[in-house]
There are 4 protein chains.
Amino acid sequence: MDINFDVKRLGKCSVSSPIEGLHRSKGFHYVNEQERVLYDSSLKSFNEFKEREIQPISFEKAGPFEKIYFDPSKTKVAIVTCGGLCPGLNVVIRSLVRQLYNRYKVTRIVGIKYGYEGFIPKYGHEIIDLTPEAVEDIYMYGGTILGSSRGNQDVEEIVDSLERLNVNILFTVGGDGTLRGAQQISEEIERRGLKISVGGVPKTIDNDINFIERSFGFETAVFKAFDIISYAHNEAKGAYNGIALIKLMGRDSGFIAAHAALSIQEVNFVLIPEIKFDLYGANGFLEHLIKRLQTKKHAVVVVAEGAGQFLFEGKEAHRDASGNLLHNDIGLFIKDVMTEELDKRDIRHTIKYIDPSYLIRSAPAIADDGKFCNQLAQNAVHAAMAGRTSFVVGYWNQQFTLLPISAAVATRKKVEPEGELWYSVLEATGQPMYMVNEL
Amino acid sequence: MDINFDVKRLGKCSVSSPIEGLHRSKGFHYVNEQERVLYDSSLKSFNEFKEREIQPISFEKAGPFEKIYFDPSKTKVAIVTCGGLCPGLNVVIRSLVRQLYNRYKVTRIVGIKYGYEGFIPKYGHEIIDLTPEAVEDIYMYGGTILGSSRGNQDVEEIVDSLERLNVNILFTVGGDGTLRGAQQISEEIERRGLKISVGGVPKTIDNDINFIERSFGFETAVFKAFDIISYAHNEAKGAYNGIALIKLMGRDSGFIAAHAALSIQEVNFVLIPEIKFDLYGANGFLEHLIKRLQTKKHAVVVVAEGAGQFLFEGKEAHRDASGNLLHNDIGLFIKDVMTEELDKRDIRHTIKYIDPSYLIRSAPAIADDGKFCNQLAQNAVHAAMAGRTSFVVGYWNQQFTLLPISAAVATRKKVEPEGELWYSVLEATGQPMYMVNEL
Amino acid sequence: MDINFDVKRLGKCSVSSPIEGLHRSKGFHYVNEQERVLYDSSLKSFNEFKEREIQPISFEKAGPFEKIYFDPSKTKVAIVTCGGLCPGLNVVIRSLVRQLYNRYKVTRIVGIKYGYEGFIPKYGHEIIDLTPEAVEDIYMYGGTILGSSRGNQDVEEIVDSLERLNVNILFTVGGDGTLRGAQQISEEIERRGLKISVGGVPKTIDNDINFIERSFGFETAVFKAFDIISYAHNEAKGAYNGIALIKLMGRDSGFIAAHAALSIQEVNFVLIPEIKFDLYGANGFLEHLIKRLQTKKHAVVVVAEGAGQFLFEGKEAHRDASGNLLHNDIGLFIKDVMTEELDKRDIRHTIKYIDPSYLIRSAPAIADDGKFCNQLAQNAVHAAMAGRTSFVVGYWNQQFTLLPISAAVATRKKVEPEGELWYSVLEATGQPMYMVNEL
Amino acid sequence: MDINFDVKRLGKCSVSSPIEGLHRSKGFHYVNEQERVLYDSSLKSFNEFKEREIQPISFEKAGPFEKIYFDPSKTKVAIVTCGGLCPGLNVVIRSLVRQLYNRYKVTRIVGIKYGYEGFIPKYGHEIIDLTPEAVEDIYMYGGTILGSSRGNQDVEEIVDSLERLNVNILFTVGGDGTLRGAQQISEEIERRGLKISVGGVPKTIDNDINFIERSFGFETAVFKAFDIISYAHNEAKGAYNGIALIKLMGRDSGFIAAHAALSIQEVNFVLIPEIKFDLYGANGFLEHLIKRLQTKKHAVVVVAEGAGQFLFEGKEAHRDASGNLLHNDIGLFIKDVMTEELDKRDIRHTIKYIDPSYLIRSAPAIADDGKFCNQLAQNAVHAAMAGRTSFVVGYWNQQFTLLPISAAVATRKKVEPEGELWYSVLEATGQPMYMVNEL
C-alpha cells in the first residue's frame, strides 16, 4: 500500500473541461492538484508531524479539473454494479449518467448487466443503453436496474470485452471483492498498454471501508433499522418477559448495530464483531439479560451478523461467491441459547427473532443518502474524465477525496471498543462495557 | 348459532345518556332499536326473501342509545387485549378510554395486563389505571400498552376476579379464541346472576371474521406488505433469475396476500390456503415459475402462511397456546422445493426469502385503520353502556353493527376461488386460475 | 335522472371474452347481467319496498362478462385524465393499460395529454403510446403522466378527434365537470351513429360522488392529513396558547376533514361546509376556542375549504376553468378572525396556518388506495369491452357497480349533520354539536 | 472572540465520574484535556502553520472526563428550549435526561416551560419534573414537550430564578438569539459569583452555525424537503407549463435548499440568499425559466426564504420577537413576478406555490438526526458535569467538540458561491452559475 495514497493517472490532461451552462464562470474554482486532505485532524498529530519534520498522511481532494484527459465527444463509458444490494445503487447510476451527459456531454453510456458476469460472453447478458430518460425515475426504488452478481470473473475476458466495446471509462460500484477485481482489471489494462480509466464508487452498507468516513446506503440502513427496532420493541413489550432479537447487517464491523441502537435508544444489548462477550457466567450476556427481564419484563437485543463468531470456532467455515467469509448464523444461535437458558431456569418468556436484512438492502436511498450518492457520482465522473484510474471516491474530514483502490481495500474500519462511538452506545443501552468473566 | 343474530341484553335501559357537550341536540339521532342492516344486499336476495315471505337475515345497527343501562358514575370498566399483536390495539384502548371518559363520564377504567393471565392471581400481574392522560400518545406506536398473552384461562377464576374488582363492563380485544373465552365468561356471569357486560372488539389481522367486512389492523398489514413486496421486487430484479419469496400472514385465509398482490401488482404468484395447487407437473406451480423466469429473469412469489397445508398431510399437527392450529412452515418448504427443482434443472438462480410477520403485526395503525379503530371503540362503548353483552362490534354494508359473539366465531371468511376478489388477483398477477394437473 | 340507473349499451355482445392464462376456468363466474346491488341495505327499506310491491333502487354489478362487444384485436383505446391532481391517477392509468393488454390483448392504447385539451388541434399536444413497459413504474409517484387540465373543450372537436384517431373506447378519469363532458361526448357519439364506448373512472379527492361509497385518492388524502395534523399538533403544543389551523380539501363536503379528525383524535374543532356555525356569541366558535385555550393552552382547528361560505355572502363569486365555484379562502379568514378576537381580548397566542392541499393531491396512492384504483380500472375495462357506455365505475355495499354518468353527477354526497359519521367526529373532538347561538 | 476557542470552566474537577454499569472499565478512554480538533484539515493549512511556527486554530474535543466538577447527588439541572421548532428537540430533551439520570445518577431535573419565559414569574408558567419515564416516548413526535417561545427575557430575573430553584446546570437548546441570551446569563452568574454551568445545544434547522459542521434537525429538514419537492414535481408535470415553486427555510443561508435540490435532482432552479440574481434581462432568472418551459413544459423552482432580499431594498424591515430580521416573503414575490411575466408574454402556465415550513419544523427527527441529537446531549452532559460553562457542543472533522458560545454566534456559515457544494448543485440542476446580466 502506497502511504502517499496517490491516485494513478492515465496521462496528461490537455482537453478543456466543457463549461456550457456555467455562464461567465470566471471565478469558478477548479480543484488544484496540490489540494489534499489530512488523514488525522487532531492537534496532537499536527504537532507530531511538525516535530518529526515529515509530511503528514493525506488524501487527494476530489472535484472538477480545469483540464481533462478524455475528449467527451469520443468517450464511451460503461457502468457495472456488483455484490449484494445496497440503498442508493440506482441513485449512483442515475447520477453518473446525468453528470456524464449534462456536465461533460458524454452521450455514449452503457450498463453492464449482473455485475462482472455481464462482460463474459458465455452468460449472454445484454448490454443496456443508459440515457438520462432511461434513468430518470430510478432513484425512487431500491435495487439496481443493472442487476448484480457476486464473485469476480476472469480479468482477461473482462478487458477483452472492454476493448470490444471500445469503452474508455469503466465505473464499478461494489464492495471489497469488486474493487479488488477492478484493480486487477486496471492492472491488465495497463499491461496491455490501453488507456481505459477504472473508477470505483465503494459500496458497503456496513460503512467499514478504510479511510472513508461514510459509504452510501449506510444512513438508509440505520433509518430502516430504527423503524424495525421500534416495532421489535413493541413486540417485546407486548408479551410478559418478551425479548425481541434483531439481527442487523455487519459482517466484520458493528457500525449499523451501534448507530441504530444509538439513534433510537430502546435497545438494551448490542452484540458486535469487535467486542468479545461471554454467554454464561456471572458477568455473561445471559445473566445481564435475565437481570433486565427481572426489572423491566422485556428486553431488546441487537446482534450484528458477524458478532460472536468465536462461538463457532472449530466449526467449518464457508465463503460466498465473492469470497466473503460466510458466518454461522449468530442470530439463530443466540435465540436458541436464550431459550435454553431461560427454560432451564424456568423463566416464562417469549422471543421474537427478526432478520430484516433483505428489507434494508433493497430499500430506496433516503434524502441525505441520495445526496451523498449524487456527490460521489459527480466526483467519480470528474476524476475519471481527468484520467484518474484505479481509484475510488471517498469522503474524509468534510471533503470528497480520491484514493487508490489499494488503500481502500487494505483493511476494514472497526468500531473501537474503547472509543467514542461505542461509549455512546453503552451510555444509550446501559449494557456493561464488557460482558466477560475474565478481562 | 342464532340466525337472528340478536344481541343479548342485561336488562332494561332506563338511564338517560349524558349529553353534555352536545349542545342543543334536539335533533340528535339515537339508534332506533329496530334498525337493522341486511346481510345480503343483492337484488336477487331481496326478491327471494320477498317471495318466500320471510324476513331476510340482518344485523343490529350499532350506535348511541338514548337510554342506557349503566349509571356512568357507578360504572367500572376493565379492558384486556389478547393474542398476537395487531396494528391498532393501542388506538382501540385509547379510544375506549376517551369515549368512556369524555362521552359517558365513566372515570374508573382499568387495564388488565398480559391478556386473560392478568385476571389470574397466580401470575401476579398488576392492574393499570387508564386515564385519558395515560393513553394520550399511545396511538403513535404499535403493540399494546397492556401486553398480551395467548391462550385462555380458567373462566371461573376470571369471573371471580371481575367480581373482586367490581367491574361492570369488560372489553376484550382479541381473536377467535379470545372471543370464545369472552362468551364463556359471559355465560358464567349469567350463571352467577351478575350484571356485567362483556363486549368484544374482534381482532384478526387476517380479516377473516365471519359476517364482518373489515377488521382493524388489516389495512395497515396490506400497507406494510406493499412496501415489503416492493423491496422484495427490487431484490428479485437485482439478480439473474432472482426469486423473491414473501410469506405473509393468513392462517386460514388469503386476504392479506390477495389484497397486497392486488395493491402493488408486482407479484407473479400468490399461494393462499383456499386454493389448492400442484407443485409438479405440466400445470404445477414450478413449471409456471420456470416459464416466468425464462421470459422475465425474475419472479415475485407471495405465500400465505396457511397455504398448501395439504403438502404436510400425514405429518404431526400442533396447536399454539390459544388453540390455533400451528402450520408447518410453507414458506421455507416452498423455498426448498424451488431450490431443489431449479438446481435439478440446472437453472442458475437466487432466492431471497422474507418473513416480515413481526414487522407487520407490531406496526402502528395507519390513518384509515386508526379511524376504524376509533369507530369500533366508540360503538363498543355505546353498546356496553346500553347493557348489551356477549357481543362484538362489526361493520357490514357501510354500517357499524352489533353481533352475538357466537355468530362472529362460528366460521371464518374465505377468499372465494371463483369470486370477484380472486379473479382481480389473477388478472393482476397473470397466474393461471388453477395450477393443478387434474381439476 | 333515470331512477333505474341502467347503463347504456352500444349493442349486443357476441365476442367471447379471451381466457388465455385462466386455465381450465370451467367454473369461472362471469357477471350475470341481472345481478344488481341494492341502494338501501337496511331492513326497514326491505320492508317498505316489499309492502309497496315495487322493485327497490339498485345498481348494476360490475365485473367480467362472458361475451363482450369489442373484438380486442381491432380495438383502440384512449385514456385522458382531467382536473386537479388526485392520488392514484397513475395507478388507474397503469391498471387500465395492463388490464387491456394482459387480460384482453388490446395492444393499441394511447394517452391524451393535458386533459380534454389533448383532443383539440390548436393546442398541439402530442399523443403518447401506452404500453405495459411505459407504465411499469408510474404507480410509485403521484400526479399523472398524461398531465391534466381544467375545463371542458368543444365536444364536436373532441369527437372529431376520436374519429380521426380511430378510437373505440375512451376512458376519462376526472371529476364532476369532466364526467359531464364525457356524457356530452357520449351523446355526440350517439348522434353521429358511432360505436365508441365512453367510460369514466370518477375522481374526487373529496369522496363526495353520489351513490358511490368511496372514490380513489380519498384514503391517501386522509393518510396524508393524519401526518399533517400530527405535526400541526406539535406546533400548537410548542407555543403558549398555540393554535394550529389546518385547511383541508372539501369544497362542498367535509369528508376529508371529518375522517382525518376521526383518525387522529387530536383535533379540537372541525369546520365543514355542511354545518353552519357562528363565529361570535356565547355559543360561537371563538368562545369555545377560547375556553379550550384556557384549559389546555393549545388548540388544533381543521377547516374544510368550503366551510363557512355564508360568511362571504354578498361578496363576488368566482368559478374556475372547470366551472367549479371558487370559494373565498376560509382558512385565511378564520385565521384573521381568531387573531383579531384574541388580540382584542388581550390573550397572548400564536397561530400557525397550514394549507397542505398541493402536498396531498400530488402524493402517490397508498396501498389500499392503489388496490382500489386497480379494481376500478379492471372493472372499467370489463364494462367498456362489453360495450357499456356513458358509465362510471362505482362501489357500493361491498361490491363494484356500474352507474350511468348522469346518476353520479346529479348531486353530491354530504356529511349528514345528525348522522353517524359526524357524531363520531363530535365524540372524537369534544366540540359542541352546534356552535350557533340560535337553533 | 477568543481565537483559541477555549471553553470556560467553573473550577477544578475533583469528583470521580461514576462508572457503575461500566464494569471493569480499566481501559476506558476519558477525554484528555489536551485533545483538540484542527479547524482546517487541509495539507496546505498544515504547511502554512508549520512554516509560520504558530499553533493552528483548533477546538476542544468533547467527551467524558475522568474527574468531574459537580457532585451528582447534589446536582440539580434545568432544561429550556427556545425559538422556533426544529426536529429533534424532544430527542435532545430525552437524551439529556437519560444521560444525567442513568450515566451520572443525577435525579433532580426540571423542565422550564415556553423558553426563557418560564423563568419569569409574571408569566406564571409551571415547572415540570423530568424523569426517564416522563420522557420515554417523546422521541416519537416533533415539537418540544417543554414548549418554546421567541425572544429573550430579563437576564437578572432569569438568574434570580435559577438561584431560587437551586439549579446547578442549565441546558439551553436554541438558536443564535437564545445562545446570546445564555451567554449573558452565564456572565450574570459569574458576576454574582455563582457556580452554575450554562451549556448550549445549538439549534438551527438552517445548519448555518459557525464552526459547526452539522446542526440537529437539518437532516430531517432535507428528508422532508425531498418528499415535498417530489410531490411538487408531480404537480409541475401534471399541468402544461406547470411550475412548482417551493419556499424552503434558510433565512441567511441556502443549505436546506441546496442539499434538498442535490438530494432529489428534480429541481431546475435554486435561489438562495448567498447568490445574487437578476429577475429580468437576457441572463435573468425569468428568461432561463421560460427557456426551460419551452423545452420541458414544466419547471421546479426552490427558493430559500432569505433569497433575493435585495429586491425589497428600500422597504421597511421587521424583526421578530427573537430579534431575527424578518424577511419580506420572497416566495409570494417570485410567484407574482413569474405570473406577471408569463402573462405578459402570453405563455399559458400554472403555478403551484408551496410553503411547507411548519410541516418540516414540527416533524420528528429521523434516525440519523436522532442519533446526532443523542450524541450532542451526551456530550453536553459530560461537559456540564465537568464544570464547563458558557459553551456549546459542536461537531467538526468527524469529532464532537466544545466551543465557547461567543465563537458559535459570531457569524453564520454560508454556502460559498464558488465552492464545492454550490457547484454540485449547479451540476444537479443545470441552472447557470450566475443569473445576472452584469458580473
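## Exercises on paired chains

Among the residues of chain B, Asn397(B) lies closest to the rotation axis, with its C-alpha at 2.2 Å. The model is predicted.

**Exercise 1.** Find the turn and the shift that lay chain B on chain C.

*Solution.*
- Step 1. Recall the general rule: a rotation about an axis and a shift along it relate two copies of a chain.
- Step 2. Read off the turn for chain B onto chain C: 180°.
- Step 3. Add the shift along the axis, 0.0 Å. The RMSD is 0.0 Å.
- Step 4. Compare the contact surfaces. The same surface serves both copies, as 98% of the contact residues of chain B recur in chain C.

**Exercise 2.** Describe the contact between chain B and chain C from the side of chain B.

*Solution.*
- Step 1. Count residues. Chain B gives 62 and chain C gives 61.
- Step 2. Locate the elements. Those of chain B that each supply at least two residues include β3 (36-38), α1 (43-52), α2 (89-103) and α5 (218-237).
- Step 3. Pick the largest share. α10(B) provides it, with seven residues.
- Step 4. Sort by class. The side of chain B that touches chain C holds 22 nonpolar, 25 polar and 15 charged residues.

**Exercise 3.** Name the kind of axis that relates chain D to chain A.

*Solution.*
- Step 1. Superpose chain D on chain A. This takes a rotation of 180° and 0.0 Å of shift along the axis, with an RMSD of 0.0 Å.
- Step 2. Name the relation: a two-fold axis.
- Step 3. Find the C-alpha of chain D nearest the axis. It belongs to Asn397(D), 2.2 Å away.
- Step 4. Check the surface. Both copies use the same one: 100% of the contact residues of chain D recur in chain A.

Methods
Residues numbered from 1 in each chain as written. Chains lettered and ligands numbered in written order. Predicted model: local features only at pLDDT ≥ 70, side-chain atom pairs only at ≥ 80, totals over all residues. Contact = placed C-beta atoms within 7 Å. Helix = DSSP H or I, 4+ residues; strand = E, 2+ residues; numbered from the N terminus. Nonpolar A, V, L, I, M, F, W, Y, C, P; charged D, E, K, R; others polar. Least-squares fit on C-alpha atoms with pLDDT ≥ 70 in both.
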